[in-house]
Amino acid sequence: MNRPKVVVCNTASLDGRLTLAPDVLLLWGDERWPGGTESSAAFEWLQFAHQPQATLEGSGSFVLDGNDPTPLPPFEDEFERETLYTDFLPPAVVERPAHQGWFTVVDGRGRGRQWIKDGGAFGEAWQGWRLLVFVARQTPPAYLAYLRREDIPYLVAGDERVDLSAALEKLREKLDITTVLSTAGGRLNGALLRASLVDEVNVELLPAVIGGFDTPSLFDSPALAPGEEPTRLALISVQVGNEGRVWLRYRVVSEEAR
Ligand SMILES: NC(=O)c1ccc[n+]([C@@H]2O[C@H](COP(=O)([O-])OP(=O)(O)OC[C@H]3O[C@@H](n4cnc5c(N)ncnc54)[C@H](OP(=O)(O)O)[C@@H]3O)[C@@H](O)[C@H]2O)c1
């Protein structure tokens, strides 16, 4: 496998909802969320067990659809256009001695702003972690110029949107990442699933039902095509946690193994 192993970890209501409603981001918490503000036991254990060198999120965890991001200064001649569309891995960031890991974010449309670059802002456990963004050849040049000015590393993969398989291969090839822990929302995890890029699925079920027709859920992806098979899973473990939480851990059964 020339890509990192991808382990998905989400906290969901019993009906698989990842948030309360389509217009609610949980990034900074919401008192109605049944998971409260305490971090997921599954996430902490997986971090310890898998020692991922990167986490993965999508832009949907940071910006609501329909919210126009603040306009960026227009792209000027400060960088060659062609240079902008090449990977940006500044040695001062990539080779810094205290490096521990990467927070990676898929942001093909260039919607993120005011990124927190340094994991230290999230507490001691994240010291040495840095932000890295995946972009595509259709990502606006003004956004790429903004990332360069801010010294935020990025990898270019895909044309109209980020090619997730190529992006993961670059992580392996350029940064020697062998395991990624994805805590993305439903659409990014759904896209990873449809591209056969998920190796392990962890869901920490919360004792609540949320409902909703459009509320992000575990794997939001195009419907199965006629003849297309569901992704088969093999149970690794079930663990009952505090306050009615149940952590389900599955390995994805590869097509060849069926
Ligand atoms: N409970 C939990 O564990 C948990 C975890 C994470 C998030 N959440 C919640 O879930 C919600 C966000 O979920 P979401 O589904 O809206 O956002 P999301 O999972 O971040 O999905 C959107 C991102 O996926 C990318 N994407 C989607 N399909 C793709 C494809 N085929 N190829 C390449 N890239 C693709 C999009 O690309 P573009 O950049 O091109 O748009 C965008 O960056 C928020 O409310 C958040 O708070 C909950």
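The centres of domain 1 and domain 2 are 24 Å apart, taken over C-alpha atoms. This is a predicted model. Domain 1 is built from two stretches, 1-52 and 186-258. Domain 2 covers 54-177. Where the domains meet, 13 residues of domain 1 are in contact with 15 residues of domain 2. The side of domain 1 that touches domain 2 holds nine nonpolar residues, one polar residue and three charged ones.

Now the ligand. Where does it lie relative to the two domains? Domain 1 and domain 2 both give residues to the shell around the ligand, so the ligand lies between them. The shell counts 29 residues. G58, G60, G108, G185 and R187 are the closest. By class, the shell has 13 nonpolar, 11 polar and five charged residues.

Which elements feed this shell? Strand 1 (5-13) supplies at least two of its residues, and helix 6 (186-194) also supplies at least two. Helix 6 gives the largest share, four residues.

Next, the sheet. Nine strands make up an open sheet with mixed pairing. Their order is 5-4-3-2-6-1-7-9-8. Strand 1, which also supplies residues to the ligand shell, sits between strands 6 and 7 in that order. Strand 5 (154-156) and strand 8 (233-240) stand at the edges. Each has a single partner strand, so one side of each is left without a neighbour in the sheet. From one strand to the next, the twist averages 20°.

Follow the edge at strand 5. Strand 4 (residues 129-135) pairs with strand 5 in the parallel sense, over three bridges. One residue pair can be picked out here: V133 has Y154, in strand 5, as its bridge partner.

Helix 4 (residues 141-149) belongs to this part of the picture. Which of its residues are buried? They are Y143, L144, A145 and L147. What do these buried residues pack against? Their partners are helix 2 (81-84), strand 4 and strand 5. Strands 4 and 5 thus appear twice: they pair with each other in parallel, and the buried residues of helix 4 pack against both. After helix 4 comes D151. Its phi is positive, near 60°.

Back to the ligand to close. Its shell draws on both domains, and helix 6 provides four of the shell residues. R187, among the closest residues to the ligand, falls within the 186-194 range of helix 6.

Methods. Residues are numbered from 1 along each chain as its sequence is written. This is a predicted model: local features need pLDDT of at least 70, side-chain atom pairs count only at pLDDT 80 or more; totals for chains, interfaces and linings use all residues. A residue is near a molecule or strand if its C-beta atom, placed from the backbone, lies within 6 Å of it. Ala, Val, Leu, Ile, Met, Phe, Trp, Tyr, Cys and Pro count as nonpolar, Asp, Glu, Lys and Arg as charged, and the others, Gly among them, as polar. Domain bounds come from an automatic or database domain assignment. Two strands pair if DSSP finds at least two bridges between them. Axes are lines fitted to C-alpha atoms, for helices over the stretch in contact, and angles run from 0 to 180 degrees between N-to-C directions. Two residues are in contact if their C-beta atoms, placed from the backbone, lie within 7 Å. A residue is buried if 20 or more other C-beta atoms lie within 10 Å of its own, exposed if 12 or fewer, and partly exposed in between; C-beta atoms are placed from the backbone.
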